[in-house]
Amino acid sequence: MQSRASLLGGLALLVAAALAAPFLPDWMVSLATIAFANALVVLGLVVLWRVGLVSFGQALYYCIGAYAVALTGRWTGFTDALALVLLGGVGAGIVAASIGFLLARYREIFFAMLSLALSMILYGVLVKTESLGSTDGFSVATPTFFGYAPHGAQLSHWLYWLTLGVDAIAALLVGLYFRSVAGALAAPIRDNEIRVEFLGISVSGIIHTKVIIAGVLGGLGGALAAMSIGHVDPNMAYWTTSGGFVFVTVLAGSGYVAAAFVGSLAFEALRSFAVDVMPQLWQMTLGSVLLLTILFLPEGLGSLVSRLRQRRAVKP
Amino acid sequence: MAHRRTATLWSLAGLAAVAAMVPAQFEVFAQTPAPAAAPIKLGIVSFLSGPAASPFGIPGRNGAEIVLEALNAGTAPAPYNKVGFGGTKVEAKYVDEAGSAANVVTDFRNLVQRDQVDAVVGYISSGNCLAVAPVAEELKALTVFYDCGTPRIFEEKARAYVFRASPHATMDSVGAARYLVAKKKNITSYSGINQNYAWGQDSWRDFIGAMKVLAPKAEADKILFPKLFAGEFGAEVSTLLTSKSQALHTSFWDGDLEGFIYQEQARGLDKRMTIIATTGESSIWRLRDKMPDGTIIGGRGPHGPLAPDNAFNKWFSKIYTDRYNVPPTYPSYQMAQSLLGLKLAYEKAAAGGAKPNADQIAAAFKGLTFTGPSGETKMVLGDGHQGIQETAYGTYRFNKAKKEPEIVDVMRFPAECVNPPPGIDADKWIADGMKGAKC
Amino acid sequence: MLTASAILTDGLVYAAYLFIVAVGLTLIFGVMKILNVTHGSFYAFGAYGAATAVGIYTNGDWPAALGFLFMLGFAMAIGLVMGIILERGLLRLVYGKDEVVIVLVTYATFLILEDVIGLVWGTASYAAYQPMIAAGNIEIGDLVLSNYDIVLVVLAAVVAALAYWSLKFTRYGRLLTTVIYDRETAAAFGINVTLVYTVTFLIGAALGALGGAVMAPKISVTLGIGVEVIVLAFAVVAIGGMGSIEGALVGALIVGICRAAAVHLVPQIELFVIYGVMALVLVARPYGLFVRAQPRKI
């Protein structure tokens, strides 16, 4: 009953967002596409955050997903969007699975620092690769959709719809995962993992799974973002990119799956607004919003919903 | 029940987020039927924050501000003396270039589609130029890059709506090599210190390539690539102190250049080898007597003290210095030159009287030749979309009597001497021995 | 032989720089368990403050040594003021929250302060080279050393010795050690943890500003210098062990020598040295070199 209600709500939201595209100006559709692509990375961070882990290196998977798309297009000329997105996700997932053996042993700030170091090593490798344009990066071939090659506004609509589709499936699966036993163990692990281990459950196994989930989501997000931006560069692996994702995660809160998407959209809109209105003070604007969120909405934007709900519940 | 309400609330939150962006959209609708007297809108994109703001972003922005002011007042020298662009005043919107490629592309779309600017002039980072170019093409938005250096923009793909009046960076390294070889005929060894990112790597590749052609017997000794904004160069200076090179090539800019100069000076490296600073011109007004005498200085073209002595230069450096109390440096010149080129193209396209569209302006800009504060620009590369100019290098001297920086012993290299001929990629041109150079 | 001695001296100078930059960060983490991103702002404000101070003293005709001390004092005073405002005005409100949330509070503050720098000092860059040029240089064989760099190494050694001495032999230092070891027990024994926090944060802030101040004469003081330093300091602290002063010292030495060796012998890998060393150390010793794994509480 419960899950059906939120499922219906999510579906309604999805359909509304998809139908809105042709009526919105193109720049807004592009902004929303990038926001919803980045939201996948944020969703991955939410998965980790539920066990109390934060990665300052999630840009590693974002960058791998993006470069997987760009390099495939560059080397083979293959441009099918859906296949490329899956490739980005799988590629990042494989990397996450292998370094997960290492990362799953780490907790707290050490988890954050090791992921940061790994993403910075990828950054260094890409900067050193002059044949791929070093820090200038290179452009991504225009994607196609099962042989259909749209242009201009059509292209941005199709990318937007693809992003929404991937988002919807990711949100659904992550929602299911949160309700599974492994997902439900997140809070107990966060509180005290030894007790969980005494129940005969492998905590590092669960964390390893979460690292992979977050990695796949990061790769999918990077792949979608690369196609939407049309360009990749090593900056996608730099620590400030990771910092931006963590920023949105805190803004959104870990309470709801949908919060990642609304939070990411709100963040992109806010940044765009701040750069537009206060070109010399946009960092201050972003910083202030983050501070105010932490101080007054400690559980993120998501908690707005629960607060409203509680208030309604109290008032008859 | 509670959860259904949650879902409703989420829908509301989503709607609110979309609604937050809607007022801007109405603005767009309100502006679409532009009345005849509506000003021409330009988007000016430049670094307003971060490390590239002080040396490039702000001087570029200031150059745009002062030139557009003079154009709107109709006080620029002929042929730029028509008010604004073809009699219509020009309004500029200044945007920060800082942020990721995604941010830069988003802001570009916002300028074109939301703010409906008639043209975008800007971009300092080559990466940003490469990211923006395809979007500009897709949106058919007239875009003029003013400072970014990579030759790849027009070599990788033909562009219809993208222009760059400023020559690409190959010219800087080839010019530096030509000047060095002319001044030090017996050079046997040289070293390089460049930042470890695309600009530094490309600059060094072009420089060493040109040196192999011009002085095949000279050898490259120490090749150093410290990380960008490293700040501390102690180990690099030591390494260079152990080298017997006569010259040191560097494409460092601003913070790294100045930091390196302070640190090497404390240890006397410039007494042992001549430093060639390809962007040195943008730092001389801050370094003043701290820039070692004898340093070979470039300014990415004939700008600043290296600019030709023409009426446009006198006009521009006067209005700029009067306003900002400091002489203009090369980014200001590049911006001025780009804006003047765009103005001429616009007026050529508007000859019929009606407001020209992007296609008409692009057709007029293609292959244009015009003269501005830094001399003559010929739009001949990249099928008429990429400009070439002569370049100049000189030797630095701090004039103690006047207490002013000076560049003496200036050598000028014609545009065709330091730029590849049309249709040949810069890398390949250098590797093949710079064939067809007319010096 | 020349190369070997050059690697050693360059490594020492770089290590001195890293240690001065990182020591404040590790102190604050050790006591307060806060990974303080604002450290980059302290560094930047220190450097800008030092540039302002150098401007003041070159205008007034003071002896160079006095000017150097004035510069350090001025910058550390700025650090102290910032520290007290931040700790009392902001961090106090978020103690007890998730470690990561506090990291983000400091990240937000860092973003705000980046623009504050632009508002206070403008976008133009500043030079403060006078103390370094005035210090002169000495020639040892073929190698020329800057006397300022030698002062830097001595200063780092003094800071390290002071930190060690005050932690081991002063009353406050012992209180601090108690709080580092177990905050709750310390509070139960009647230690005023709030006061310890404030004082620690102030010292950390002043040390961050000191880092900026000593580097100011060597660099061009410009927007964005704080960003570069944060990750560098993080790396050093992570290698040595978060919160360990001797760890920061050893971490700085390892990174300093490795980097100098890379520049002299294989310049191609210089970019990877710091993160490579960091990843290797973390793989071998997850908590850094000088921190033993914490016993887990049930």
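A disulfide here is a pair of cysteine sulfur atoms within 2.5 Å. Keep in mind that you're working with a predicted model.

**Exercise 1.** Work out how many disulfides there are over all chains.

*Solution.* Start with B:Cys129 and B:Cys148: their S to S distance is 2.1 Å, and the cut-off is within 2.5 Å, so they're joined. Next, try B:Cys417 and B:Cys439: these sulfur atoms sit 2.0 Å apart, and that makes a disulfide too. Over all chains, the count comes to two disulfides. Number the bonded cysteines along chain B and you get the pattern 1-2, 3-4.

**Exercise 2.** Find which parts of chain B the disulfide of B:Cys129 and B:Cys148 ties together, and give its handedness.

*Solution.* First, look at the torsion about the S-S bond: it's about -100 degrees, so this disulfide is left-handed. Then place the ends: B:Cys129 belongs to helix H4 (residues 126–139), while B:Cys148 is in the loop between strand E4 (143–145) and helix H5 (152–155), so the link ties together parts 19 residues apart in sequence. Both B:Cys129 and B:Cys148 are buried.

**Exercise 3.** Do the same for B:Cys417 and B:Cys439, then decide whether each one is buried or exposed.

*Solution.* The S-S angle is 85 degrees, a right-handed link. B:Cys417 lies in helix H15 (residues 415–418) and B:Cys439 in the segment after helix H16 (426–431), so parts 22 residues apart in sequence get tied together. Now the surface: B:Cys417 has a relative accessible area of 1%, and buried means under 20%, so B:Cys417 is buried. B:Cys439 comes in at 65%, and exposed means over 50%, so B:Cys439 is exposed.

Note on methods: Residues are numbered from 1 along each chain as its sequence is written. Chains are lettered from A and ligands numbered from 1 in the order in which they are written. This is a predicted model: local features need pLDDT of at least 70, side-chain atom pairs count only at pLDDT 80 or more; totals for chains, interfaces and linings use all residues. Side-chain values use heavy atoms; hydrogens and water are left out. Helices (H or I, at least four residues) and strands (E, at least two) are DSSP runs, numbered from the N terminus. Buried means under 20% relative accessible area, exposed over 50%, partly exposed in between (1.4 Å probe, protein chains only).
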